[in-house]
Amino acid sequence: DAKNSGRGRYALFTGELKQAQEAVHTLELQMAEALKEERFVLYYQPQVDLKTGEVCGVEALIRWVDKDGTVRPPGEFIRLAEENGAIVPLGRWVLERACRTGRAWMELSDGITRPEPGGGRSEWSISINVSNRELAGRGYLDHVDAILEETGFPPKHLQLEMTESVTFTEEEHQLHLFTEIAGRGIRLAMDDFGTGYSTFSVIQSLPFHIFKLDKSMIDDLVSAPHTRHIVKAMIVMAHSLNQRVVAEGVETAEQVEVLRELGCDAVQGYYYSRPLPEEELLAWLKARRESRV
Ligand code: C2E
Ligand code: MG
Ligand code: MG
Ligand code: MG
């Protein structure tokens with residue numbers, strides 16, 4: 001009868017819930033283990049300056065390499081890490097790894113830092129993604145200072161990407177933090193721009209240097225004049241505030257052309273390259289440079 005089938009559904013539901021909880025728990029344990037065993041890696045996706053055609057930076061994107069060699073994208077574990085707090089040690093690892101790698105690249109004769117005829121060298125950056133929760137915790141700034149000092153990586157080459165949700169919480173603490181970070185010469189980038197509720201009034205009161213246009217806007221760029229007008233307005237306003245605009249998720253030559261016409265500063269996307277392991281990135285940079293000479 002109805003009562004029994006209701007109870008049956010309930011039992012089924014709790015059974016599924018229990019399974020889901022166990023899966024989350026297993027993932028948590030695996031993550032803790034992976035962190036201890038250093039089975040996370042950074043992939044790097046190049047960003048190309050639309051005026052000079054030079055690579056002006058890379059974004060570091062975390063991957064988790066399973067024991068069997070499977071590479072897991074951040075979509076499978078970052079949310080959970082944010083929820084359970086594991087993002088704090090993970091984020092520290094990312095920062096340290098990015099700074100060490102960037103410092104090592106400065107020693108390479110054919111790394112991304114080699115002076116280019118166009119002279120775009122001083123602007124190159126390594127970007128890392130920072131979650132809300134990392135910034136909310138005490139001690140983030142001390143950690144950044146310690147890593148910069150330890151690795152000798154110049155702060156002007158470091159860029160921190162955060163989503164706008166970060167700018168609406170704990171405003172006093174956050175504003176102070178942003179000001180301190182920017183004061184060290186580290187650049188702040190607003191990630192996934194255009195997907196949330198930020199207004200330019202909020203944005204201009206924060207020391208952000210870069211706006212990254214979200215892929216969803218880039219997807220519509222060629223087909224929707226409406227989106228093109230909005231992107232154009234964003235670029236004009238950002239430039240009037242001395243900020244740079246980077247388009248993300250660029251997949252076609254047509255999109256590159258539209259973005260160039262609209263005055264976008266740089267692009268990042270599969271059209272140029274997917275995120276690559278360090279060795280492959282260095283090979284890609286070398287090949288690109290040789291083909292451009
Ligand atoms: P995000 O910071 O917005 O990074 C851009 C994402 O778009 C990356 O996905 C990248 O691989 C993907 N992408 C770039 N170009 C294209 C394209 O042309 N087409 C398509 N379809 N996709 C493109 P990924 O690497 O899976 O990272 C997803 C998100 O995970 C990132 O979004 C970022 O929010 C987060 N994340 C990645 N690494 C870290 C990290 O070290 N710490 C934290 N807190 N979050 C991270
Ligand atoms: Mg990002
Ligand atoms: Mg983004
Ligand atoms: Mg995104």
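In this predicted model, the side chain of arginine 63 places an N or O atom 2.8 Å from an oxygen atom of ligand 1. Two further polar contacts to ligand 1 involve glutamine 45 and tyrosine 270. Glutamine 45 uses a polar side-chain atom, 3.1 Å from a nitrogen atom of the ligand. Tyrosine 270 instead uses a polar backbone atom, which is 2.8 Å from a ligand oxygen. Taken alone, ligand 1 exposes 810 Å², and the protein buries 80% of that area.

**Surroundings of ligand 1**

Ligand 1 sits in the largest pocket. Two or more residues of the shell around ligand 1 come from each of β2 (55-65), α3 (87-105) and β6 (187-193). Strand β2 gives the largest share, four residues. There are 23 residues around the ligand, and Asn129, Ser131, Asp191, Glu251 and Tyr270 come nearest. By character, the shell divides into nine nonpolar, five polar and nine charged residues.

**The two magnesium ions**

The model also holds two magnesium ions, ligand 2 and ligand 3, which lie 4.1 Å apart. Their protein donors are listed below.

| Ion | Protein donors | Distance range | Spacing in sequence |
|---|---|---|---|
| Magnesium ion (ligand 2) | Glu59 (OE), Asn129 (OD1), Glu161 (OE), Asp191 (OD) | 2.0 to 2.2 Å | E-x69-N-x31-E-x29-D |
| Magnesium ion (ligand 3) | Asp191 (OD), Asp192 (OD), Glu248 (OE) | 2.0 to 2.1 Å | D-D-x55-E |

Aspartate 191 coordinates both ions and so forms a bridge between ligand 2 and ligand 3. At the magnesium ion (ligand 3), the donors Asp191 and Asp192 are joined by Glu248. Aspartate 191 lies in strand β6 and glutamate 248 in strand β8 (residues 244-248), so this pair ties together parts of the chain that are 57 residues apart in sequence.

At the magnesium ion (ligand 2), Glu59 and Asp191 are among the donors. This pair also links distant parts of the chain: glutamate 59 belongs to strand β2 and aspartate 191 to strand β6, 132 residues apart.

**Residues with two roles**

Asn129 and Asp191 are among the residues that come nearest to ligand 1, and both are also donors to the magnesium ion (ligand 2). Strand β6, which holds aspartate 191, is one of the elements giving two or more residues to the shell around ligand 1. Strand β2, which holds glutamate 59, gives that shell its largest share.

Notes. Residues are numbered from 1 along each chain as its sequence is written. Chains are lettered from A and ligands numbered from 1 in the order in which they are written. This is a predicted model: local features need pLDDT of at least 70, side-chain atom pairs count only at pLDDT 80 or more; totals for chains, interfaces and linings use all residues. Side-chain values use heavy atoms; hydrogens and water are left out. A residue is near a molecule or strand if one of its heavy atoms lies within 4 Å of it. A polar contact is a pair of N or O atoms within 3.5 Å; within protein, one must be able to donate a hydrogen and the other to accept it, and residues adjacent in sequence count only if both atoms are side-chain atoms. Accessible areas come from the Shrake-Rupley method with a 1.4 Å probe; for residues, only the protein chains shown count as cover. On a 1 Å grid over the protein atoms alone, a cavity is a set of points where a 1.4 Å probe fits but cannot get out, and a pocket is an open set with protein on both sides within 12 Å along at least five of seven lines; lining residues have an atom within 4 Å of a point. A molecule sits in a cavity or pocket if more than half of its atoms lie within 2 Å of its grid points. Ala, Val, Leu, Ile, Met, Phe, Trp, Tyr, Cys and Pro count as nonpolar, Asp, Glu, Lys and Arg as charged, and the others, Gly among them, as polar. Donors are N, O and S atoms within 2.8 Å of the metal (3.2 Å for Na, K and Ca); water is not among the atoms, so sites may look incomplete.
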